[in-house]
Amino acid sequence: MRKPMIIDRSRDDEFMREALLLAAEGARLGEVPVGAVVVQDGKVIGRGFNCPISTHDPSAHAEMVAIRDAAVSLENYRLPGSTLYVTLEPCSMCAGLIVHSRIQRVVYGATEPKAGVAVSRGEFFSQQFLNHRVLIEGGVSAEACSQVLSEFFKGRRLKTRGGEAAQGSLEG
């Protein structure tokens with residue numbers, strides 16, 4: 001049996017900064033700038049950024065990539081006692097993976113009013129049918145996370161003004 005998780009919020013900003021660096025890496029590749037890290041016992045065990053365009057994989061959201069990386073790192077498909085830091089509120093696809101992988105806590109930056117399911121489009125993680133409970137905390141470095149997305153989409157609009165429409169949504 002896993003020991004109860006002690007929540008240390010003192011490092012939330014630090015880990016969110018790492019997720020923001022990963023979001024910037026995705027933006028350099030033309031991907032929607034969302035970054036994520038999985039942390040266990042104070043160490044980053046998984047990293048990821050949105051890359052569905054470059055990988056031709058619609059499931060390659062930052063959370064998915066980071067959780068897959070963490071599972072490989074631990075050689076376990078379950079990640080109890082871990083915290084996922086992500087720059088944008090998770091979508092329904094990622095929320096399902098978070099529950100199945102047994103992430104204990106999700107810390108996100110910006111809300112995603114169109115597709116976020118932690119608070120924006122319903123409260124997925126509090127549904128009674130779920131067999132695992134996830135602690136959710138939003139708004140960590142929210143301004144910085146929102147700004148990265150705003151700048152990305154502003155640049156995309158400038159490139160496509162008068163031309164074809166921008167590809168993708170916030171999630172990727």
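Colleague: What makes you say that both faces of S1 are covered?

Modeller: On one side of the strand lie Gly-35, Val-37 and Val-39, on the other Ala-36, Val-38 and Gln-40, and every one of these residues is buried, a word that stands for under 20% relative accessible area with a 1.4 Å probe and protein chains only, while exposed means over 50% and partly exposed lies in between. S1 spans residues 35-40, and 6 of its 6 residues are buried; strands here are DSSP runs of E with at least two residues, and helices are runs of H or I with at least four, numbered from the N terminus. This is a predicted model, in which local features need pLDDT of at least 70 and side-chain atom pairs count only at pLDDT 80 or more, whereas totals for chains, interfaces and linings use all residues. Residues are numbered from 1 along each chain as its sequence is written, and side-chain values use heavy atoms, with hydrogens and water left out.

Colleague: How do you know that S1 and S2 pair?

Modeller: Two strands pair if DSSP finds at least two bridges between them, and S1 and S2 (residues 43-49) have 6 bridges in the antiparallel sense. The two strands form a hairpin with 2 residues between them, and Asp-41 in the turn has a positive phi of about 50°. S1 also pairs with S3 (residues 82-88) in the antiparallel sense, over 5 bridges. Ala-36 stands opposite Gly-48 in S2 and opposite Val-86 in S3, while Val-37 stands opposite Tyr-85 in S3.

Colleague: Why are S2 and S5 said to stand at the edges?

Modeller: The open sheet has 5 strands in the order S2-S1-S3-S4-S5, with mixed pairing. S2 and S5 (135-137) each have a single partner strand, so one side of each is left without a neighbour in the sheet. From one strand to the next the twist averages 15°.

Colleague: Why are H1 and H5 called roughly parallel?

Modeller: H1 (residues 12-28) and H5 (residues 142-160) pack at an angle of about 5° with their axes 10 Å apart, where axes are lines fitted to C-alpha atoms, for helices over the stretch in contact, and angles run from 0 to 180 degrees between N-to-C directions. Angles under 35 degrees count as roughly parallel, over 145 as roughly antiparallel, 65 to 115 as roughly perpendicular and the rest as oblique, so H1 is roughly parallel to H5. Met-16, Leu-20 and Ala-27 in H1 meet Ala-144, Cys-145, Val-148 and Phe-152 in H5, contact being heavy atoms within 4.5 Å.

Colleague: Why is the sulfur of Cys-91 not in a bond with that of Cys-94?

Modeller: A disulfide is a pair of cysteine sulfur atoms within 2.5 Å, and the sulfur of Cys-91 is 3.8 Å from the one in Cys-94, its closest cysteine sulfur, which is too far for a bond. The sulfur of Cys-51 is 11 Å from its closest cysteine sulfur, also in Cys-94, and this too is too far. The count therefore comes to 0 disulfides. Cys-91 is buried at 7% relative accessibility, and Cys-51 is buried at 12% relative accessible area.

Colleague: Which residues in H4 are buried?

Modeller: In H4 (residues 92-100) they are Cys-94, Ala-95, Gly-96, Ile-98 and Val-99, and the buried residues of this helix pack against H3, S3 and S4. Just after H4, Arg-102 takes a positive phi of about 65°.
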